[in-house]
Amino acid sequence: MTAKTANVGIVIVSHSPLVARGIADMVRQMVGDCVPLAWSGGNVHGELGTDAGGILKAIEAAWSDAGVAVFVDLGGAETNSEMAIEMLGLPRSGLVSICNAPLVEGAVIAAAEASGGASLARVVATAEELSP
Amino acid sequence: MLVAGLIEVCRATIAENTDHLCALDRAIGDGDHGTNMRRGCEAVSAEGESLSSLPFPDAVEKIGLTLVMNVGGAAGPLYGTLLMEIGRELRKSEETADFPQVLKQAIDAVARRGRAHAGDKTLLDVLYPVHAALAKRSPLGDIARKAERSADRTAAMKAMRGRAAYLGDRSIGHVDPGASSCALLTTAICRYLGEHRPQ
């Protein structure tokens, strides 16, 4: 899971495991294996919800020294992602950004950008251009 | 003993009110606040023995982390941040701890975590009044009543954060589930302290 790549990693966080996995599939179809990618969906029991521990594992799985961009659906996904990033600790927590972007389009566009070797700041900015 | 007792009364009050909290959350959110809180409290209870053997600040911080890892909704990071901050601040200040001041710092950390303010219809609308009552050295019974009245008052507020905010004005008229669980926990803790640590 720890792909040795210089490309920014992508993490998808949704309250629904089906949504998270489905978007990860769409990203994979777009960029193949050249972008580290992981998802976390549902609570600790796999029901609708979010799971800080699961998000932490997903960030570890998609880790890249170039950084990781995290895409979240609703409130709890964002709050739990922030918690997971804090749990990573410095200096790695400084290399993870939560994107204020639509989940599906944001993740796909960010992955396309990341696959070209763009920096984390560039990947995040490209995805966030989608938000009004 | 204090830690074990507090864990049990919190678990019990959430277990008794799980359906009520879910019903409040169904009205303006996703309906899982009661089950999420119950899951968190049960996870804390399961660790009760090892938690009781820790120094008080460490136990409080660990309870916070357990809530973060098990509650599942936004309530996990919010209650988790509250307790982790209380634990850290108590450890830093050791015997000189001024608890109202410690609580205030922890509540401010919750506000930052949720990017919410007083009046946004969240658990902060119970936490700030509880802090104010504690800082005035109000009796425990008064603090509990203040918590309950403050939770009731969230009915008149329009939700600005969380899923309830999507409802806009339609969130008015419903008590906030997070404020309600916060009042229930405050009441349970005050009652326990009143019975076991007479002032």
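Colleague: Which pattern does chain B follow, read along the sequence?

Modeller: Helices here are DSSP runs of H or I with at least four residues, strands are E runs of at least two, and both are numbered from the N terminus. Chain B reads α-α-α-α-α-α-α-α-α-α, which comes to 10 helices and 0 strands. Bear in mind that this is a predicted model: local features need pLDDT of at least 70, side-chain atom pairs count only at pLDDT 80 or more, and totals for chains, interfaces and linings use all residues. Residues are numbered from 1 along each chain as its sequence is written, chains are lettered from A and ligands numbered from 1 in the order written, and side-chain values use heavy atoms, leaving out hydrogens and water.

Colleague: How many buried residues should I picture, as a percentage of chain B?

Modeller: Buried means under 20% relative accessible area, exposed over 50%, and partly exposed in between, using a 1.4 Å probe and protein chains only. In chain B, 54% of the 199 residues are buried. The C-alpha trace of chain B spans about 45 × 35 × 30 Å along its principal axes.

Colleague: And how many residues does each chain bring to the contact between B and A?

Modeller: Contact means heavy atoms within 4.5 Å. Chain B puts in 16 residues and chain A 20. Buried area is the accessible area (1.4 Å probe) that two parts lose on being put together, summed over both. Chains B and A bury about 1,400 Å² between them, with 52% of it on carbon and sulfur atoms.

Colleague: Which residues of chain B lose the most area to chain A?

Modeller: Look at B:Arg39, B:Met69 and B:Arg113, together 36% of what the chain B side buries.
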